[in-house]
Amino acid sequence: MGRVVIDVMPKPEILDPQGKAVVGALPRLGFTGFTGVRQGKRFELEVDGEVTDEVLEQARRAAETLLSNPVIEDVVSVRAAEGAATGAVGAGA
């Protein structure tokens with residue numbers, strides 16, 4: 001059984017209040033040196049069999065259609081999980 005990992009992030013021009021809250025809390029908790037945080041979403045899709053290029057392309061279409069809001073979010077990566085087969089389909093593919 002394979003697994004596809006999809007990462008979705010807010011578009012750069014969209015405000016990220018959760019990221020802003022996290023970046024403000026980091027120094028209060030002793031984590032210094034971080035100047036920005038953007039919080040996104042990660043999806044893991046299990047598939048029967050091997051993760052092929054066709055499966056990755058189908059997962060990308062699902063991400064762009066259902067898993068993300070294209071007005072405010074970008075699908076930044078669609079890839080086979082470690083230990084699963086083949087490569088990744090990047091944001092430009």
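**Entry 1: salt bridges**

I started with the charged pairs in this predicted model, and my count came to seven salt bridges. Side chains of opposite charge can pair when their charged atoms come close. I then took three of the pairs one by one.

Arg-3 and Glu-44 came up as a salt bridge, with 3.1 Å between the closest N and O atoms. I checked where the partners sit: Arg-3 is in strand β1 (residues 2-10) and Glu-44 in strand β2, so the bridge ties together distant parts of the chain, 41 residues apart. Are these two side chains out in the open? I rephrased that for myself: what class does each one fall into? Arg-3 is partly exposed at 32% relative accessible area, and Glu-44 is also partly exposed, at 40%.**Entry 2: Asp-7 and Arg-79**

Next I looked up Asp-7, which forms a salt bridge with Arg-79. The closest N and O atoms of that pair are 2.6 Å apart. The partners come from distant parts of the chain, with Asp-7 in strand β1 and Arg-79 in strand β3, 72 residues apart. Asp-7 counts as buried, because its relative accessibility of 18% is under the 20% limit. Arg-79 has a relative accessible area of 26% and is partly exposed.

**Entry 3: Ser-77, beside that pair**

Which side chains does Ser-77 touch through polar contacts? I found one polar contact of 2.9 Å to the side chain of Asp-7 and another of 2.8 Å to the side chain of Arg-79. Ser-77 therefore has a polar contact with each partner of the salt bridge in my previous entry, and it is buried, with a relative accessible area of 16%. I noted its place as strand β3 (residues 73-80).

**Entry 4: Asp-74 and Lys-11**

I moved on to Asp-74, which forms a salt bridge with Lys-11. Here the closest N and O atoms are 3.0 Å apart. Asp-74 lies in strand β3 and Lys-11 in the loop between β1 and α1, and the pair links distant parts of the chain, 63 residues apart. Is Lys-11 buried or exposed? Lys-11 is buried, at 18% relative accessible area, while Asp-74 is partly exposed, at 28%.

**Entry 5: a network**

I went back to Arg-3 and Glu-44 to see what else they join. Through salt bridges that share partners, Arg-3, Arg-42, Glu-44 and Glu-46 form one network.

**Entry 6: Ser-68**

Another serine caught my eye. Ser-68 is in the loop between α2 (53-67) and β3. It is buried, with a relative accessible area of 9%. What lies 2.8 Å from a polar atom of the Ser-68 side chain? I found the backbone oxygen of Ala-63 there. Setting aside neighbours within four places in sequence, I listed the contacts of Ser-68 as Val-8, Ala-63, Glu-73 and Val-75.

**Entry 7: a nonpolar patch**

I turned to the surface. Which residues make up the nonpolar patch there? They are Leu-29, Phe-31 and Phe-34, and together they have about 360 Å² of accessible area. I looked at Leu-29 on its own: it sits in the loop between α1 (17-28) and β2 (41-47). Leu-29 counts as exposed because its relative accessible area of 63% is over the 50% limit.

**Entry 8: the whole chain**

I stepped back to the overall layout. The protein chain has two helices and four strands, and along the sequence they follow the pattern β-α-β-α-β-β. Of the 93 residues in the chain, 28% are buried. For contacts between residues at least 6 apart in sequence, I noted that 73% join residues at least 24 apart. The chain exposes about 6,200 Å², and carbon and sulfur atoms supply 56% of that.

**Entry 9: how far to trust it**

Last, I checked the confidence. The mean pLDDT of the protein chain is 91, and 88% of the residues reach 70 or more. Over residues 84-89, though, the pLDDT is below 50. I still found 22 contacts in the model for this stretch, beyond near neighbours in sequence. Where pLDDT is low, the predicted coordinates should not be read in detail.

Terms used:
Residues are numbered from 1 along each chain as its sequence is written. This is a predicted model: local features need pLDDT of at least 70, side-chain atom pairs count only at pLDDT 80 or more; totals for chains, interfaces and linings use all residues. Side-chain values use heavy atoms; hydrogens and water are left out. pLDDT is the predictor's confidence in each residue, from 0 to 100. Contact means heavy atoms within 4.5 Å. Patches are made of residues with over 30% relative accessible area and no salt bridge: like charges are joined within 9 Å, nonpolar side chains (Val, Leu, Ile, Met, Phe, Trp, Tyr) within 5 Å. Accessible areas come from the Shrake-Rupley method with a 1.4 Å probe; for residues, only the protein chains shown count as cover. A salt bridge is a side-chain nitrogen of Lys or Arg within 4 Å of a carboxyl oxygen of Asp or Glu. Buried means under 20% relative accessible area, exposed over 50%, partly exposed in between (1.4 Å probe, protein chains only). A polar contact is a pair of N or O atoms within 3.5 Å; within protein, one must be able to donate a hydrogen and the other to accept it, and residues adjacent in sequence count only if both atoms are side-chain atoms.
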